[in-house]
Amino acid sequence: MEAERSSAGNATSAERRPLAKSKTPSRILWVILSVILFFVIVSISVVVIFSFTHRTTKPVLQIVRLTFQNHQGSQMNQSAFVDKSKNTVTYHVTSPSNHTTVVLFDSKNGYVCYKPADQNACYLRKMDDWDLENVQISFNLSEHRVNQLLLQNNETKYYREFLGILPGRQANAGSLGEAIQTLCEQTSIYWVRKGDGPGKKRLIYLCIDICFPSNVCLSVCFYYLPD
């Protein structure tokens, strides 16, 4: 009986040994999976951190605020929104009566667009070299993170510019670029051109006082040209 029990015990031990050995591959598999999971987590973390860093280093919309006085000595507030990704500088000129006029310089498409306060109309002309120079100055200020300028009256140069409104010459908004389309959405856009003034027989329609970081202020006055 003892011999039989001994042989039975040996047989049982022999049957159990392979089960003990089968646990080793499972442990190895778990170790491999753990290592793979670790590297996956590390890779995802690196990608997330890199994406966040890349986003924060992108140029943001820079605002340059200018404070100046118009010809009558009234205090004016003006903000220039510089967007280098679209090559635009948008001026918001707020009068003492809290009316805001928008002037958009779109160097990508080569236009200057005026949207006077409380009017359902935009006025458009092509940019010239002087406009491009002022846009570049605004870009340079945004790169140096200049966010406020106070223009001194004794150093500021004042000029007047006349723009004649061409009657019946409405511009096609679809061909003017995204910036102007957004500014003048659902608004009529009229072409204007520089001139010598309305003369004695015609009246000035409106004037917009705008100053530039170059310490030059313009009084842009509009009048209707004859048909």
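## Record and model

Helices and strands are here DSSP runs, of at least four residues for a helix and at least two for a strand, numbered from the N terminus. The structure described is a predicted model. By these assignments, residues 203-225 are 0% helix and 78% strand. The C-alpha atoms at the two ends of this span lie 10 Å apart.

An unreviewed UniProt entry lists residues 203-225, together with residues 28-52, under "transmembrane region". Such annotations may be inferred rather than shown by experiment.

## The helix and its nonpolar patch

Helix α1 covers residues 2-56 and contains I44. I44 also belongs to a nonpolar patch on the surface, which it forms with I28, L29, W30, I32, L33, I36 and V40. Together these residues have about 790 Å² of accessible area.

## Disulfides

A disulfide is a covalent bond between the sulfur atoms of two cysteines. The model holds 3 disulfides. When the bonded cysteines are numbered in sequence order, the pairing reads 1-2, 3-6, 4-5. C113 is in no disulfide; the nearest cysteine sulfur belongs to C184 and is 3.5 Å away. Since the cut-off for a disulfide is a sulfur pair within 2.5 Å, that distance does not qualify. C113 is buried, with a relative accessible area of 0%.

C122 and C184 are joined with an S to S distance of 2.1 Å. The torsion about their S-S bond is about -105°, so this disulfide is left-handed. C122 lies in strand β6 (residues 121-126), whereas C184 is in the loop between α3 (178-183) and β9 (188-195); the pair therefore ties together parts that are 62 residues apart in sequence. Both ends are buried: C122 has a relative accessible area of 0%, and C184 has 4% relative accessibility.

## Two bonds between β10 and its surroundings

C207 is joined to C221, with an S to S distance of 2.1 Å. The link is right-handed, with 110° about the S-S bond. It connects strand β10, which holds C207, to strand β11 (residues 216-224), which holds C221, and the two cysteines are 14 residues apart. At 39% relative accessibility, C207 counts as partly exposed, whereas C221 is buried at 0%.

C211 and C217 form another disulfide, with an S to S distance of 1.7 Å. The torsion about this S-S bond is about 100°, so the disulfide is right-handed. C211 is buried at 0% relative accessibility, and C217 is buried at 3%.

## Aromatic pairs

The whole structure contains 10 aromatic pairs. In one of them, the ring centres of F105 and F212 are 5.8 Å apart and the planes meet at 80°, so the pair is edge-to-face. The two rings link distant parts of the chain, since F105 is in strand β4 (residues 100-106) and F212 is in strand β10 (residues 204-212), 107 residues apart.

Both F105 and F212 are buried. Ring pairs also connect these two residues with Y91 and W130 in a cluster.

## Loop residues

Most residues other than glycine have a negative phi. Q186 has a positive phi near 55°, and N215 has one near 70°. Q186 lies in the loop between α3 and β9, the loop that also holds C184. N215 is found in the loop between β10 and β11. The two residues fall in opposite accessibility classes: Q186 is exposed, with a relative accessible area of 75%, whereas N215 counts as buried at 15%. The value for N215 is classed as buried because the cut-off is under 20% relative accessible area.

L176 is placed in the loop between β8 (157-170) and α3. At 1% relative accessibility, L176 counts as buried. The C-alpha atoms of L176 and Y111 are 8.1 Å apart in space, although the residues are 65 apart in sequence.

Note on methods: Residues are numbered from 1 along each chain as its sequence is written. This is a predicted model: local features need pLDDT of at least 70, side-chain atom pairs count only at pLDDT 80 or more; totals for chains, interfaces and linings use all residues. Side-chain values use heavy atoms; hydrogens and water are left out. Rings of Phe, Tyr and Trp (its six-membered ring) pair if their centres lie within 6.5 Å; planes under 30 degrees apart count as stacked, over 60 as edge-to-face and the rest as tilted. Buried means under 20% relative accessible area, exposed over 50%, partly exposed in between (1.4 Å probe, protein chains only). Patches are made of residues with over 30% relative accessible area and no salt bridge: like charges are joined within 9 Å, nonpolar side chains (Val, Leu, Ile, Met, Phe, Trp, Tyr) within 5 Å. Accessible areas come from the Shrake-Rupley method with a 1.4 Å probe; for residues, only the protein chains shown count as cover. A salt bridge is a side-chain nitrogen of Lys or Arg within 4 Å of a carboxyl oxygen of Asp or Glu.
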